[in-house]
Amino acid sequence: MSPQVLIDGLIAGATIGLGAIGLTLTYSILRFANFTHGDFLAWGAYLTLTVSGFLGGLLAGLGIGEPIGPFSFGWGLPLSLLAGAGLTIVLTLILDKILFGQLRRRGADTIIIVMASFGASMALRSVLEFIYTANPQYLTRELQIAQPVGFGMRATPDQLLTIAVTALLVLALHLVVTRSSTGRSMRAVSENPSLAGVYGIDVQRVIRVTWVIGAGLACVAGVMSGLLVQIRPYMGFDLLLPLFAAAILGGVGSIPGALLGGLIIGLAEAFTVQIVGAEWRAGVAFVVLVLVLIIRPTGLFGRTV
Amino acid sequence: MEYLAYGAFFLTLAMTYSIICLGLNVQWGQTGLFNVGVAAFVGIGAYTSVLLTTPETADRVGGFDLPIAVGWIGAALMSGLISFFVGALTIRMRSDYLAITTFGIAIALQLCFQNLEPLTGGVFGVGFIPRAFSGIQDDALLFNYANLGLATLLVVAIYVVLEHLARSPWGRVLRAVREDETAAQSLGKNPTSLRLQAFVLGGAIMGLAGAVQAHFIGFVAPANYLPMMTFQVWAMLIVGGSGNNKGAIFGAVLVWAIWALSGSLISELFPPDQQARAASLQIVIIGVMLCLILLWRPQGVLPERQSISKHLGQRNET
Amino acid sequence: MTALAVKGFQAGYDPDLPIVKGVSFAVKKGEAVTVLGPNGAGKSTLIKAIAGQVACLGGQVTLGGDDITGVPSYALAKRGLGFVPQTENIFAQLTIRENLQIASELVEKRRRAGQIDKMFDMFPDLKLRPNDLAGTLSGGQRQMLAAARALLTDPPVLMLDEPSAGLSPKLVGQVFETLARVHAAGVTLILVEQNVRAALGLASRALVLVDGELAHDGPTDALQDSTTLGRLFLGNRTREVAR
């Protein structure tokens, strides 16, 4: 087997990990399994694509539309990503306001909120399909050549960038959650929301912060996946099971756990493609999920189920 | 004449959805278990029955040429068995783990339908499935009526059995477990085992429905068992009224009608090249409807008789 | 002069089944009041509802003259209404210092570190290993952390739900000594207790709640040998002796 499988797995795993972090945060703070999270990735990718469509012409007019250094995209993409992340955040906050927040206020059971997220995810995905059609779209048309990176492995500059961006974002988020006052409040709400109120924490504000972080990371993950593969309305749906499996494998609520879980799933998928065949790739996450539930339902860094 | 045949065809499909919905009602309405893999349990039933009843084929495993009734029973048993494994794995854990795991099994089984070609016929599936009343197939109207009669009979039979079960001591304890697990436990009832029984029963009914549907439409293919189906069935149950068997049947017919009508409306309104795209609007309609019902009338059109499920109640304010 | 008052107050988990059924009383500034009553009388529900933890179903609550009915609990904490729940009253998965740091965010930035140190001085046990998870503390130490967290913000009014629950008699003594000091410093106390003897020793006034309604409101010394109280608390007294 070629060592290439390692780097392929890590690259896919970085995207899954980044998406799973958002999922694990909303899971532990809002306390429900959010089936719309995959669609946030897809929406983030499409929103970024749309903005970059507008920006592209503008930047080309200014003469800075050319690809940056070794990468396949110009300054338009990072700028569009910022705008796309902002729009994705707005989308999740609206969804929380009109749907999840309403159900929370009525004291609806967790499972009702899960069901609402399931219905919303179908609707969100189909709206994307209606607006953009089911045809795949691309953030860049540039071709990239994979460079040797040692140990017989090759990767394109874009691929290496996604790994670096993931590492940077996860480190930053980890510091925020463990060191800052906002992070402290988030951990407190995840342990006991009603006690958090007694301590003087505005739980609604913490929930909004959680959506902001989750949606922002989802957008970055969606754009990374769109950059390396392609953008389709169903991309988020196809990633949803790997995201859940990664979050549960890492232990719900654990940020390093979600990243590690994502990398493990990515690697397992890459090995499956090599050994068993590409057509079984989508089943890997299910096998991992079942194994975790049998062996260690709390996950690698989990506290309680 | 054509309308009558179409009407019978439409209603027969609605009846098969009613059966799925009744199965889901045992899991959700009576027990509070959220199954996000309905399509998989329906599909496994369909494929099982097809394997048992089709004539022997060269490029495929089996084709055991057994009677349709045997296929139906096999379908229910197989779906029940898969439900047992999924349930045994997750029912002890927090409620949304079951949702995630059933979502996962739907994806895994969908892959199996597509890739286990010697067993399932791959992406193209299996056609020429033996149909009930195939002797009168040339008379479309009579054939459709006969099938509608059979499907309706099945719905009624399952309805009667489920109503009987709901009133039996078993059904009462099941509801007690759903409403107040601790209290039920203190009465010496084992909630996990009861829930598992209900989950298996519901799964078996879904498998039976899958078989009935497959033998009626005459072919199986992976595309028939997409998450879309799960979503439709959920919309049916929630709209009709979870916990109420009549509501489950009513919801199935109503949502199936909305689906069929919005489908034909779209084919009227949009040019042919835009229709695939416009079809996604159908899903948006159902998705929004599901959310609106959960928000504004969580008990559905026909609410449960006894008491409105605690899932919808005003409990802990946070 | 009135620190906290409730009027026709109703509260509970189900709008059709209020547990607290129309209670009215006023607590003066600097007063120490104890809420007594048999199990299930609605004592806990009463103060949880005042603290914004249980839905208020009717009536009015005022804090220092301002209407605070229906104000969420975090905003009440900001306004100076301290509350210590009976159980799960600390964040076990956060460190001891982090527990205090969260609470300290209610005071001005420059006073935060000083207030945390003050609490460490008041409860030296907490100072031993401030960076350990609060979940590693013993039962008594947890109550101290819960009290320290609430006192850190210098709340004018402090409500406690059974601070003595589950503690050994020696620790109960310590808790009530601390509360007496706090009270002496001018804090208005509202205390729900099952431990009647300890509560009557600290409070100057007792409210007796029976079946969600106020059955008695008066000075504690008059209550020490009241037959009503004897009747109400017969069960609890024997249990206390047994303990």
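Here are some notes on a predicted model, taken one feature at a time.

1. Start with the sheet in chain C. Six strands make up an open sheet, and reading across you meet them in the order E6-E7-E8-E3-E9-E10, with mixed pairing. The two edge strands of chain C are E6 (81-84) and E10 (213-219); each has a single partner strand, so one side of each has no neighbour in the sheet. Going from one strand to the next, the twist averages 15°.

2. Now zoom in on one pair in that sheet. Strand E7 (residues 157-161) and strand E8 (residues 188-192) of chain C run parallel and are joined by 5 bridges. If you want a spot to click on, find C:Val157, which stands opposite C:Thr188 in E8(C).

3. What packs on the sheet, touching E6 and E7 of chain C? That's helix H6 (residues 139-151) of chain C, and its direction makes about 170° with that of E6(C). Have a look at helix H7 (residues 169-184) of chain C too: this one lies across E7, E8 and strand E3 (32-36) of chain C, at about 150° to E8(C).

4. Over to chain A, and helix H9 (residues 235-250). From first C-alpha to last, the 16 residues of H9(A) reach 22 Å, close to the 22 Å expected at 1.5 Å a residue. Still, H9(A) bends by about 30° at A:Leu241, and a proline, A:Pro242, follows within four residues. Is H9(A) mostly covered or mostly uncovered? Mostly covered: 15 of its 16 residues are buried. Just after H9(A) comes A:Gly251, with a positive phi of about 100°.

5. Next, the place where chains A and C meet. On the chain C side 22 residues make contact, and on the chain A side 17. About 1,900 Å² is buried between the two chains, and carbon and sulfur atoms give 54% of that. Which residues of chain C lose the most area to chain A? They are C:Tyr74, C:Phe91 and C:Gln93, which together account for 34% of what that side buries.

6. Last stop: B:Arg60. You'll find this arginine in the loop between helix H2 (38-53) and helix H3 (68-90) of chain B. Why does B:Arg60 count as buried? Because its relative accessibility is 12%, and the cut-off for buried is under 20%. Leaving aside residues up to four places away in sequence, B:Arg60 touches several others, including B:Leu51, B:Pro55, B:Glu117 and B:Val126. B:Val126 is 66 residues from B:Arg60 along the chain, yet their C-alpha atoms are separated by 9.7 Å.

Note on methods:
Residues numbered from 1 in each chain as written. Chains lettered and ligands numbered in written order. Predicted model: local features only at pLDDT ≥ 70, side-chain atom pairs only at ≥ 80, totals over all residues. Heavy atoms only, no water. Pairing = 2+ DSSP bridges. Axes fitted to C-alpha atoms, helices over the stretch in contact; angles between N-to-C directions. Contact = heavy atoms within 4.5 Å. Expected span 1.5 Å × (residues − 1). Bend = angle between axes of the 7 residues up to and from the residue. Buried < 20%, exposed > 50% of the residue type's maximum accessible area, 1.4 Å probe, protein only. Buried area = accessible area lost by both parts, 1.4 Å probe.
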